[in-house]
Amino acid sequence: EKSLKPGCTEHKSTCCYCGVGCGVSVQKDALGRLLVEGEMGHPVNDGQLCSKGMNLHYTVNDVSDRLHYPLMRYAKNQPRIRVSWESAMQRTAAVFKSLIAQYGPESVAFYASGQCLTEEYYVINKLIKGFIGSNNIDTNSRLCMSSAVVGYKMSLGEDSVPVSYADIDLADVILVAGANPAWCHPILWRRVEAAKARNPDLKIIVSDPRKTQTCAIADVHLQVNPGTDIVLHHAIGRLLIEMDAVDHTFIRDHAEGYEAYRTSVLLRSVEESALICGVSLAKITQAASYIAGAKSYMSMWTMGLNQSAVGVNKNLSLINLNLITGQIGRPGAGPLSLTGQPNAMGGREVGGLSNLLPAHRDLLNPAHRAEVEQFWGVPAGSIAAKPGLSATEMFQALDDGTLKAVWIICTNPLTSMPNVRQVEAGLKKAKFVVVQEISNKAETLEYADVVFPAAAWAEKEGTMTNAERRISHLPKIVNAPGEALPDAEIICRFAQEMGYQGFDFENASAIYSEHAQLTAGTHIDVSGLNYATLTKNRTVQWPYPAGSTGAGTSRLFTNRVFYTPSGKAQIQSVSDENTSEKCSEEFPFILNTGRIRDQWHTMSKTGKVNKLKQHMGESFVEVHPDDAAFLRIQEGSLVEVKNQRGCVRVKAKLSDDLKRGCVFMPMHWGKIAGRDDNRVNNLTSSLVDPKSKEPDFKFAAVSVQAFVKQ
Ligand code: SF4
């Protein structure tokens, strides 16, 4: 038990960084200062926190970088001045009305974040889709999870994670593909480590082009060449077929597409696959044998599969391994996509992407649009049938002038978007930019015509859903500084200024209740849930239909009936081709990007904590020692990484944890840390997966050379 310090009050909340969703116990002293500790007994973390979560209170207690008041400028070349909320709202509404009247509803867009609370997502989505009449709402979840969303939808019928973290304790084989959870989902990984310590027979397979910290407990590391994941998954599938380790009963009764899949994986010999992947046949066979012998097999993956020009196919080829072996809907078995952001799943529950409708309804389905229109009380036909702009399309549309205004909420696209120079160009050309932010250091402020100061974590109330469908309530614990307001309130005030009905919510709880009602009868039904139940039960896993009691639904598809029209899981045959850009003589290296252990995204919060800079305090490029020797690069020397899109200059870190011909850079650094020549997204490409529109962050062709000052 952790004891309450004298004079403090205790509040339960959820860590606002990664999608693991750890419970935190927050102590508030008489001066309003917070201390965050892991919540004992919480089903996700039972008192543990990683380095980021442990230091969360510093980011709230330090308000020195916070925006306190609305700011506005009357012309592009004028300085922004402090204005009242009323003036900022009136001007923003006037500009939006005028742009919509002149250019149509598709001339405006909202770009939000997987860190937004579900209630915030709900009102933004309702505003633009139901009332403005455009589907131009996308979020940085597009950069993170959208390939997994399409993968689940195509194979299981809906974007529904079938398992819980508790299944980790029951699995006897876990395949981790394209992920480094030891650094990026640390508390979830501690659960895997504990399971391994308890049960040495638990086999861990890691497939990753880099030898990361996650490999420390791997029984086999399949160090694939970048972009060859599908070839690897197919080779394992072929071996499972050859070992007769497929579940014929499951395939016959509960799945479709097996014969076509079988034909497609038999096209390539495992020897050829091993050569393409750059992994020995022995290691691939060892991995396949583990899966073949598994009583309960789980797969986990994240950005290495998702952030790819063929991200959906990578997802499908991995999920297929669970389907052909019937390893789904049973204890310890199933595909678990690891969510990057804390509330990416909650955002999708309310339809917070440009191609979704609330409660996983389909935007392209006229009956679904009609249901939502009726519920929102808007005239038939109010919701546009055409999907809106995805994240990358939004900034391209600003650049080409078809999109006139963008409203950026709780995200920093000038560091996080691929090919970021195009984002800069788009924001420069935009007629009107609104930035809703907590930090006065956000790079987007440079382009803002109106700035709305927002409340941060612990300063507002709402809910989030973690990677295992677990919904938790986050209370308001302290007041926001100055005149900063909760994001949902800002959006509702704006909607009312625009003259729209249905945004006069009394509080966040009322927004949640409206969302919950809209889910009734769907597969993600949470109509039995409200703030009272959530605070009483602490967390609940959806679905939670009316009349539910207890902790919700820990496992889906236990009856082997899937959400597809036929009720059967779909084994999808996919091409194993990688369509990333090709390396050339000029740009011979493959650049991979990712997170480091102690930083979160673009460092607007974790960058404030000195302790978190001790692990890795500046950006770098990891280079294989043999490549470094050839290029005459030493450890710590300044290196220029370049391609046709841009250039960075950072110090070299020599490491044989990556393959020759590959380099790695962290995603976190950008102008917010003072410079833009260390920003890896100067180099990443605008290529996206055609189905998920998720960018190809893990594969850009670059040149690498020692930097010589002219
Ligand atoms: Fe927060 Fe994720 Fe760390 Fe848990 S694992 S403390 S949710 S950052």
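Here are a few exercises on this structure, which is a predicted model.

**Exercise 1. Find the strand order in the five-stranded open sheet, and work out which strands stand at its edges.**

Solution. Start by tracing the sheet from one side to the other: the order is S10-S9-S8-S12-S13, with parallel pairing. Next, look at the two ends of that order. Strand S10 (220–222) and strand S13 (334–337) each have a single partner strand, so one side of each is left without a neighbour in the sheet. Those two are your edge strands. While you're there, check the twist: going from one strand to the next, it averages 15°.

**Exercise 2. Zoom in on S8 and S9: how many bridges join them, and which residue of S9 is the bridge partner of Ala 177?**

Solution. First find the two stretches, residues 173–177 for S8 and residues 203–207 for S9. They run parallel, and five bridges join them. Now pick out Ala 177 and hop across to S9, where you land on Ser 207.

Then look at what packs on the sheet. Helix H12 (residues 281–292) touches S8, S9, S10 and strand S12 (297–301). Compare directions, and you'll get about 120° between H12 and S10.

**Exercise 3. Split the chain into its domains, then describe where domain 3 touches domain 4.**

Solution. The domain assignment gives domain 1 (9–61), domain 2 (71–144 + 343–520), domain 3 (146–333) and domain 4 (589–706). Taken over C-alpha atoms, the centres of domains 3 and 4 are 27 Å apart. Now go to the contacts: 24 residues of domain 3 meet 23 residues of domain 4.

On the domain 3 side, the elements giving two or more residues are these:

- helix H5 (146–156)
- helix H6 (181–184)
- helix H13 (303–306)
- helix H14 (311–324)

H5 gives the largest share, with four residues. Sort this side of domain 3 by type, and you have ten nonpolar, twelve polar and two charged residues.

**Exercise 4. Explore the largest nonpolar core: which of its residues touch the most other members?**

Solution. This core has 183 residues, and the ones to pick are Ile 236, Ile 284, Ile 291, Met 394 and Val 406. Ask next which element supplies the largest share: helix H4 (residues 118–132), with eight residues.

Now follow one residue outward. Skip the neighbours of Ile 236 within four places in sequence, and its contacts are Ile 284, Ala 287, Ala 288, Ile 291 and Leu 321.

Finally, look for another core. There is a second, separate one of 25 residues, and its members include Phe 587, Ile 590, Val 680 and Leu 683.

Note on methods:
Residues are numbered from 1 along each chain as its sequence is written. This is a predicted model: local features need pLDDT of at least 70, side-chain atom pairs count only at pLDDT 80 or more; totals for chains, interfaces and linings use all residues. Two strands pair if DSSP finds at least two bridges between them. Axes are lines fitted to C-alpha atoms, for helices over the stretch in contact, and angles run from 0 to 180 degrees between N-to-C directions. Two residues are in contact if their C-beta atoms, placed from the backbone, lie within 7 Å. Domain bounds come from an automatic or database domain assignment. Ala, Val, Leu, Ile, Met, Phe, Trp, Tyr, Cys and Pro count as nonpolar, Asp, Glu, Lys and Arg as charged, and the others, Gly among them, as polar. A nonpolar core is a set of buried Ala, Val, Leu, Ile, Met, Phe, Trp, Tyr and Cys residues joined through C-beta atoms within 7 Å. A residue is buried if 20 or more other C-beta atoms lie within 10 Å of its own, exposed if 12 or fewer, and partly exposed in between; C-beta atoms are placed from the backbone.
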